[in-house]
Amino acid sequence: MPDKDMLSMAKIKVLFVCLGNICRSPMAQFVLRQMVAQKGLSERFEIDSAATENYNELCHAGIHHGTRAMLKNRGVPFEEHYSRCLRPEDYARFDYILAMDESNVREITRITGPDIDGKIFRLLDFSNRPRDIEDPWYTGDFAAAYRDIDEGCRAFLQYLHRPPAKILSCSSLKSSV
Ligand code: 4NP
């Protein structure tokens, strides 16, 4: 049983990252938490989220109302979360740092330094159609963000069960060019 295999492993620490940490990354944090809870795996995961910019942390900004509405609409439990900026020490603390788009990846490495352990990916790098997740702060389309995040989280969990040899992190892709 794959779920039992995963239960016997060390805790998997996942940090979702976006620009502001009020729209996409908290949505992903609570969607993945629900998915692992439904598999009885909550104890095996630590799941958090962070921003690449600190302005929302400085304003003590909570989850955007569009993300709240979407999570409520889809029956995803969530709690209050206040934006916090990614810190250099997060790189060592987390096993997977999952960005929403390519510009997030660049900003993450500006903060953490180079991805020497291959921990940084875009969430949809795990899907059959690797791509960015558009920012609903600009598009207003929280339903599209939810669909992409749901797809990415499902693909990420499948990857954890059986990591395909060919998946490359964004930084690996860049360094191989
Ligand atoms: P997020 O969206 O990166 O998905 O949280 C944004 C939220 C806030 C801002 C930009 C993007 N902002 O400029 O405050």
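**Note on the predicted model**

From the N terminus on, the elements of the protein chain follow the order α-β-α-β-α-α-α-β-α-β-α-α-α.

1. Overall content. The model is predicted. The protein chain holds 9 helices and 4 strands. It has 177 residues, of which 40% count as buried. Taking contacts between residues at least 6 apart in sequence, 75% of them join residues at least 24 apart.

2. Confidence. The protein chain has a mean pLDDT of 91, with 87% of its residues at 70 or more. Residues 171-177 have pLDDT below 50, and this stretch makes 6 contacts in the model beyond near neighbours in sequence. Where pLDDT is low, the predicted coordinates should not be read in detail.

3. Strands 1 and 2. Strand 1 (residues 12-18) is joined to strand 2 by 7 bridges, and the two run parallel. Within this pairing, Leu15 stands opposite Asp48 of strand 2. The connection from strand 1 to strand 2 passes through helix 2, giving a β-α-β crossover that is right-handed. Strand 2 covers residues 45-51, and 5 of its 7 residues are buried, leaving the strand mostly covered.

4. Strands 1 and 3. The pairing of strand 1 with strand 3 is also in the parallel sense, over 4 bridges. Here Val17 is placed opposite Ala99 of strand 3. Strand 3 (residues 96-99) is covered on both faces: Tyr96 and Leu98 are buried on one side, Ile97 and Ala99 on the other.

5. Strands 3 and 4. Strand 4 (residues 120-122) runs parallel to strand 3, with 3 bridges between them. Ala99, which stands opposite Val17, has Arg122 as its bridge partner in strand 4. Between strands 3 and 4 the chain goes through helix 6 (residues 102-112), and this β-α-β crossover is right-handed.

6. Ile120. This residue belongs to strand 4. Ile120 counts as buried because it has 25 C-beta neighbours inside 10 Å, the cut-off being 20 or more. Along the chain Ile120 is 22 residues from Leu98, yet their C-alpha atoms are separated by 5.9 Å. Leu98 is itself one of the buried residues of strand 3.

7. Ligand surroundings. The residues around the ligand include the run Cys18, Leu19, Gly20, Asn21, Ile22, Cys23 and Arg24. Tyr55, Asn56, Asp135 and Trp137 are the others in this shell. By class, the shell divides into 6 nonpolar, 3 polar and 2 charged residues.

8. Asn21. This member of the shell around the ligand is placed in the loop between strand 1 and helix 2 (24-38). Its phi is positive, about 55 degrees, although Asn21 is not a glycine. Most residues other than glycine have a negative phi. Asn21 is buried, because 29 C-beta neighbours lie inside 10 Å.

9. His60. A positive phi is also found at His60, near 55 degrees, again in a residue other than glycine. His60 sits in the loop between helix 3 (55-58) and helix 4. Is His60 buried or exposed? His60 is exposed, because it has 9 other C-beta atoms within 10 Å, and a count of 12 or fewer defines that class. For the backbone check, Asn21 is thus a buried case and His60 an exposed one.

10. Asn73. Helix 4 spans residues 65-73 and contains Asn73. With 11 C-beta neighbours inside 10 Å, Asn73 counts as exposed. In sequence Asn73 and Ala143 are 70 residues apart, while the distance between their C-alpha atoms is 9.9 Å.

11. Pro77. The loop between helix 4 and helix 5 (90-93) holds Pro77. Pro77 is exposed, because 10 other C-beta atoms lie within 10 Å of its own. Leaving aside neighbours within four places in sequence, Pro77 has contacts with Phe30 and Gln34. Pro77 is also 8.2 Å from Val31, C-alpha to C-alpha, with the two positions 46 residues apart in sequence numbering.

Technical notes:
Residues are numbered from 1 along each chain as its sequence is written. This is a predicted model: local features need pLDDT of at least 70, side-chain atom pairs count only at pLDDT 80 or more; totals for chains, interfaces and linings use all residues. A residue is near a molecule or strand if its C-beta atom, placed from the backbone, lies within 6 Å of it. Ala, Val, Leu, Ile, Met, Phe, Trp, Tyr, Cys and Pro count as nonpolar, Asp, Glu, Lys and Arg as charged, and the others, Gly among them, as polar. Two residues are in contact if their C-beta atoms, placed from the backbone, lie within 7 Å. Two strands pair if DSSP finds at least two bridges between them. A crossover is right-handed if, with the strands pointing away from the viewer, the path from the first strand over the helix to the second runs clockwise. pLDDT is the predictor's confidence in each residue, from 0 to 100.
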